[in-house]
Amino acid sequence: MIIGPPNAGKSTLLNGLLDYKLSIVTPKPQTTRKKITGIYHNDNCQIIFLDTPGIMKPQQKLHESMLAVIRDTLKDADIVLALLPYSGKKNYFDREFAEELFSQWLKPAGKPVITVLNKCDLVNEDRQLLAEEFVRNTWNPAAVLSVSALNGTNLPKLVETISPFLPLNYPLYPEDTLSTAPERFFVSEIIREKIFLLYGREVPYSTEVVIDEFKEQHENDPARKDLIRCSVVVERETQKQILIGSKGAALKKLGQTARKDIEEMLGRPVFLELFIKVRPDWRKKNNLLKSYGY
Ligand SMILES: Nc1nc2c(ncn2[C@@H]2O[C@H](COP(=O)(O)OP(=O)(O)OP(=O)(O)O)[C@@H](O)[C@H]2O)c(=O)[nH]1
Ligand SMILES: [Mg+2]
């Protein structure tokens, strides 16, 4: 599994390893809310990578559910990739967070840990060696490696580093399987990604996307586009107005950019209909969270 703080590049790493954009990525923290399974295949092994939300201090019921995802995934994982991003700060990465990660999460779990220092493109090699040395001396993980999930630096080496820790088993999935989640989940994730990219402030955090209908019409008649109907759920009427924008321009842009990526993923044209709904404080309400799969 991939564990780490928000914005560390966990989803970028999953995508880089798979060489496919499976998990959504944005410059904003707390983009990923659920576990994303990505299956890597090569001639020697199969690795089931699990991307998780970033570890944060919970401020909402939604956050508690995200933390529970991390906890449950950690229980199931054979190997843990602890992802710590380099930063321009004087210690090169957030040691305080790393200490908390090791003492509160990794030590109690007792799994082999590979510390992956990500965003190595942001610091020079001397600093990387110093940081790696510091990690080795302080927390003594099974291995330490600097990578750039974005540029692909050291990703083959990361796979090599993981290999000896893999349990001996028959492949669990056929070679063409990339994920276990259904297409409609990735459709909702693509729409969420576009909302994170297009809107500011609290709007992306207050938004959830629910697929109400996914009609695969092309099977009976290849000339007909698939129909996808989604609810975009927000917490307030004001957020609804922001999503729609002046004369509906913002919503139109959201629909267009999301549809483009959805069509690319599915490999066929679709009709995408977005309905905006207001569900006050959905992030605090157990029954709503449950109905959205949290
Ligand atoms: N410079 C640089 N940026 C990176 C690298 N990896 C990821 N990023 C950027 O970091 C930001 C966050 O990336 P994500 O992959 O969404 O991070 P995450 O850890 O999944 O974040 P959450 O899902 O919010 O917890 C994006 O803007 C990425 O482009 C890297 O190796 N180098
Ligand atoms: Mg993510």
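**Entry 1: the β-α-β unit.** I started with β5, helix α4 (residues 125-139) and β6, which make a right-handed β-α-β unit. Note to self: this is a predicted model. I then checked how the two strands sit together: strand β5 (residues 113-118) pairs with β6 in the parallel sense, over four bridges. For the register I looked up L117, and S146 in β6 stands opposite L117.

**Entry 2: the faces of β6.** Which way do the side chains of β6 point? From strand β6 (residues 143-146), A143 and L145 go one way, while V144 and S146 go the other way. I wondered whether these four are buried or exposed. Both pairs turn out to be buried.

**Entry 3: odd phi values.** I went through the backbone angles next. Most residues other than glycine have a negative phi. K119 is not a glycine, yet its phi is positive, about 65 degrees. I found K119 in the loop between β5 and α4, and those two elements belong to the unit from my opening entry. Why does K119 count as buried? It has 23 C-beta neighbours inside 10 Å, and the cut-off for buried is 20 or more.

N7 is another one on my list: a positive phi of about 70 degrees, and again not a glycine. I placed N7 in the loop between β1 (2-3) and α1. N7 counts as partly exposed because it has 18 C-beta neighbours inside 10 Å.

**Entry 4: around ligand 1.** How many residues surround ligand 1? I get 24, and the closest are G9, S11, T32, G54 and L150. I also asked which element gives the largest share of this shell. That is helix α1 (residues 10-18), with three residues. By type, I have the shell down as nine nonpolar, twelve polar and three charged residues.

**Entry 5: domains.** Last, I looked at the domain assignment of the chain, which gives domain 1 (2-165) and domain 2 (183-291). Their centres, taken over C-alpha atoms, are 28 Å apart. What does each domain put into the contact? I noted nine residues from domain 1 and twelve residues from domain 2. On the side of domain 1 that touches domain 2, I sorted the residues into two nonpolar, five polar and two charged.

Note on methods. Residues are numbered from 1 along each chain as its sequence is written. Chains are lettered from A and ligands numbered from 1 in the order in which they are written. This is a predicted model: local features need pLDDT of at least 70, side-chain atom pairs count only at pLDDT 80 or more; totals for chains, interfaces and linings use all residues. A residue is near a molecule or strand if its C-beta atom, placed from the backbone, lies within 6 Å of it. Ala, Val, Leu, Ile, Met, Phe, Trp, Tyr, Cys and Pro count as nonpolar, Asp, Glu, Lys and Arg as charged, and the others, Gly among them, as polar. Domain bounds come from an automatic or database domain assignment. Two residues are in contact if their C-beta atoms, placed from the backbone, lie within 7 Å. A residue is buried if 20 or more other C-beta atoms lie within 10 Å of its own, exposed if 12 or fewer, and partly exposed in between; C-beta atoms are placed from the backbone. Two strands pair if DSSP finds at least two bridges between them. A crossover is right-handed if, with the strands pointing away from the viewer, the path from the first strand over the helix to the second runs clockwise.
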